[in-house]
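Colleague: I am new to reading protein models, and I would love some help with this one. Could we go through it together, one question at a time?

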Amino acid sequence: MTSHLVTGIAELVTHDERFAGPLGTVRGAALVVEDGRVAWVGPAGSAPAADRRTDVDGRAVLPGFVDSHTHLVFAGDRADEFAQRMAGAPYTGGGITRTVTATRAATDDDLRGRLGALVAEARAQGTTTLEVKSGYGLDVPHEERLLRLAREVTPETTFLGAHVVPPGTDRSAYVDLVTGPMLAACAPHARWADVFCEPGSPHAFDGDESRAVLTAAASAGLGLRVHGNQLGPGPGARLAVELGAASLDHATHLDDTDVAALADAARHGGPVVTLLPGVELSTRSPFPDARRLVDAGVEVALATDCNPGTCFTTSMPLMVALGVAHLRMTVEQAVRAATLGGARALRRDDVGHLRVGARADLCVVDAPTVTHLAYRPGVPLARTLELR
């Protein structure tokens, strides 16, 4: 077994409670990797000998970002829709059907090429774990195809046949399709199921429809995730708690009852709240208040929601910067949310931290502290550290 020493680390974020501060930070640090796992962490002066050595020369290192909410399998472009929103048009979710049309027309190789390029783009910015949803097929063969392709790049695949109700389709009949033949075809390729629960949108699903989708998915053995409370108040948060979902995503519009329910559930491993501030940036919508959730004891994750309509970016460092600037998070809270929070939203204990035994997914920052991720927004400081 070959060992690899990474040294010269000015600041190492471990999320190990043995070390200092809210992030388990070690200064003047080193770590040893064996067989792709963290074997030792501590001060560089105490590091054991290793077969190979990489010196990061005074840079910061943190766990690779965990992007727990993306829509990376699609074709087409909606830049015109973005420009219209910037000119004042509201976001309603209706543009999703444009992407569905383009995606259905694309070949597997077309979709695979776009998907691979986006995964590479994310990895170049320090993301090492990605969740990928379907949702741009909206019929049985295309939803199955999107999940099959997503599974080529990640085990964290999510069935989102309940993304929107296709135009001209009877709502009840579509819910029956999603919970019946579509679920049966897609479940073998998915770990998770999701639903866009927004009763105020004519394109999304109300509380009863969402419960039907999630209950059927759970019976098929899939874990649950919920798009909820994005466009306005609604039942998404309460459904996520009631049905034991791993994550409530968006969560922009939460009332005191929602926050109390999420906080109570958090004491028993309840839903992580995954915030997607790139969407608010790209739709000129109000940002959620992450500090309110953190202060209530709710675990928060940050993710990109990379998609062609409302947030076409793969940049987790940007999400950290937005979390600090607009969600009222401290730097430590935002870094935790982009790493350990994302891992918990995926119910993974092998990523998002650098404790002994973790996967050796390392993100190096071209700066002496992780504060620079928020201090220098838009500057390409973060990258995945490849050990060879």
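What follows is a friendly set of questions and answers about a strand, two domains and one residue.

Colleague: Before we start, what kind of model is this, and where does the numbering begin?
Modeller: This is a predicted model, in which local features need pLDDT of at least 70, side-chain atom pairs count only at pLDDT 80 or more, and totals for chains, interfaces and linings use all residues. Side-chain values use heavy atoms, with hydrogens and water left out, and residues in each chain are numbered along the sequence as written, from 1.

Colleague: Which residues of strand E13 point the opposite way from Leu362 and Val364?
Modeller: Strands (E, at least two residues) and helices (H or I, at least four) are DSSP runs, numbered from the N terminus. In a regular strand, side chains alternate between the two faces of the sheet. E13 covers residues 362-365, and its residues are all buried (under 20% relative accessible area with a 1.4 Å probe, protein chains only; exposed is over 50%, partly exposed in between). Leu362 and Val364 point one way, and the other way point Cys363 and Val365.

Colleague: Which residue of E14 stands opposite Val364?
Modeller: Strands pair if DSSP finds at least two bridges between them. E13 is joined to E4 (residues 52-63) by four bridges, antiparallel, and E13 also pairs with E14 (residues 382-384) in the antiparallel sense over three bridges. Opposite Val364 in E14 stands Arg383.

Colleague: How many salt bridges are there between domain 1 and domain 2?
Modeller: An automatic or database domain assignment gives the bounds, with domain 1 at 1-62 + 352-382 and domain 2 at 64-344. Together they bury about 1,400 Å² (accessible area, 1.4 Å probe, lost on being put together and summed over both), 72% of it on carbon and sulfur atoms. E13 and helix H13 (372-375) each supply at least two residues of the side of domain 1 that touches domain 2. For salt bridges (a side-chain nitrogen of Lys or Arg within 4 Å of a carboxyl oxygen of Asp or Glu), the count is zero.

Colleague: Is Thr154 buried or exposed?
Modeller: Thr154 lies in the loop between helix H4 (140-150) and strand E7 (156-162). Leaving aside neighbours within four places in sequence, Thr154 is in contact (heavy atoms within 4.5 Å) with Leu130 and Val132. Its side chain reaches the backbone oxygen of Leu130 at 2.6 Å and the backbone nitrogen of Glu156 at 3.0 Å. Because its relative accessibility is 5%, Thr154 counts as buried.

Technical notes. Buried area = accessible area lost by both parts, 1.4 Å probe. Polar contact = N/O pair within 3.5 Å; in protein donor to acceptor, adjacent residues only side chain to side chain.
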